[in-house]
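This report examines one protein chain, from its overall dimensions to individual residues. Please keep the sequence and the structure in view while reading.

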Amino acid sequence: MTTTTPSLRVMVVDDSNTIRRSAEIFLKQAGHEVLLAEDGFDALAKVNDHAPQLIFCDILMPRLDGYQTCAIIKRNARFADIPVVMLSSKDSVFDKARGRMVGSLDHLTKPFTKDQLLQAVLQYGRPGA
């Protein structure tokens, strides 16, 4: 699959090192800049410093879960336009609806494939944002 997707600054927020590293490899192979955060607090600091163009955020994390993290990002006028896609091993209608209520655009079920991740980048990434 060869596409001329512009390079994006993509943040992956997940407390699982395996998920973070897998996503990082997939995204870097596709030519994207990758920011990694291991929890919501780490993500909020990095969003402020690096203004990613797309965020993938795990739901179940210690200290600050993905729903709370997404809601905080969306409440800040500077970052409200950054697309957020939730990551979770839970994929019930309730989980997806709750994600949308806090401002996420979609939900990727873990474990995700490289193609699923890159498709979400194509669909939701905002170059030049």
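The account below moves from the whole chain to its strands and then to selected residues.

**Overall form**

The model is predicted. The chain holds 5 helices and 5 strands, and from the N terminus on these elements follow the order β-α-β-α-β-α-β-α-β-α. Along the principal axes, the C-alpha atoms occupy a box of roughly 35 × 30 × 25 Å. The radius of gyration is 13 Å, which agrees with the value near 14 Å that a compact globule of 129 residues would have.

Of the 129 residues, 46% count as buried. The chain exposes about 6600 Å², and carbon and sulfur atoms supply 52% of that area. Among contacts between residues at least 6 apart in sequence, 62% join residues at least 24 apart. As for charge, the chain carries 16 positive and 15 negative charges, and the mean positions of these two sets are 3 Å apart.

**Strand pairing**

How do β1 and β2 run where bridges join them, parallel or antiparallel? The two strands run parallel, and 5 bridges join them. Within this pairing, Val 13 stands opposite Ala 37 in β2. Strand β1, residues 9-13, also pairs with β3 in the parallel sense, over 4 bridges. Here Val 12 stands opposite Phe 56 in β3. In turn, β3 pairs in the parallel sense with strand β4, residues 84-88, over 4 bridges. Phe 56 stands opposite Val 85 in β4. Phe 56 therefore has a partner position in the pairing on either account: Val 12 and Val 85.The pairings are listed below.

| Strand pair | Sense | Bridges |
|---|---|---|
| β1 and β2 | parallel | 5 bridges |
| β1 and β3 | parallel | 4 bridges |
| β3 and β4 | parallel | 4 bridges |

**Cover on the strands**

Strand β3 comprises residues 54-58, and 5 of its 5 residues are buried. In a regular strand, side chains alternate between the two faces of the sheet. Both faces of β3 are covered: Leu 54, Phe 56 and Asp 58 are buried on one side, and Ile 55 and Cys 57 are buried on the other. For β2, 4 of the 5 residues are buried, so this strand is largely enclosed by the rest of the structure.

**Two buried residues**

Leu 36 belongs to strand β2, residues 33-37. Its relative accessibility is 15%, and buried means under 20%; Leu 36 counts as buried because its value is 15%. Which residues does Leu 36 touch, not counting those up to four places away in sequence? They are Val 12, Arg 20, Arg 21, Glu 24, Asp 42 and Lys 46. The C-alpha atoms of Leu 36 and Val 10 are separated by 8.6 Å, although these residues are 26 residues apart along the chain.

Thr 69 provides an example from a helix, as Thr 69 lies in α3, residues 66-75. Thr 69 is buried, with a relative accessible area of 1%. Not counting residues up to four places away in sequence, Thr 69 touches Gly 40, Ala 43, Leu 44, Cys 57, Met 61 and Leu 64. One of these contacts, Cys 57, is among the buried residues of β3.

**Backbone features in the loops**

Most residues other than glycine have a negative phi, and most peptide bonds are trans. Three places in the loops may be read against that background.

Ala 51 is not a glycine, yet has a positive phi of about 40°. Ala 51 lies in the loop between α2, residues 40-50, and β3. With a relative accessible area of 31%, Ala 51 is partly exposed.

Arg 63 is likewise not a glycine and has a positive phi of about 70°. Arg 63 is found in the loop between β3 and α3. Is Arg 63 buried or exposed? Arg 63 is exposed, with a relative accessible area of 61%.

Where does the cis peptide bond with an omega of about -5° occur? This bond joins Lys 110 and Pro 111. Pro 111 lies in the loop between β5, residues 106-109, and α5, residues 114-124.

Notes:
Residues are numbered from 1 along each chain as its sequence is written. This is a predicted model: local features need pLDDT of at least 70, side-chain atom pairs count only at pLDDT 80 or more; totals for chains, interfaces and linings use all residues. Side-chain values use heavy atoms; hydrogens and water are left out. The radius of gyration is taken over C-alpha atoms; the globule rule is 2.2 Å times the number of residues to the power 0.38. Buried means under 20% relative accessible area, exposed over 50%, partly exposed in between (1.4 Å probe, protein chains only). Contact means heavy atoms within 4.5 Å. Accessible areas come from the Shrake-Rupley method with a 1.4 Å probe; for residues, only the protein chains shown count as cover. Lys and Arg count as positive and Asp and Glu as negative; His and the chain ends are not counted. The place of a charge is taken as NZ of Lys, CZ of Arg, CG of Asp or CD of Glu. Two strands pair if DSSP finds at least two bridges between them.
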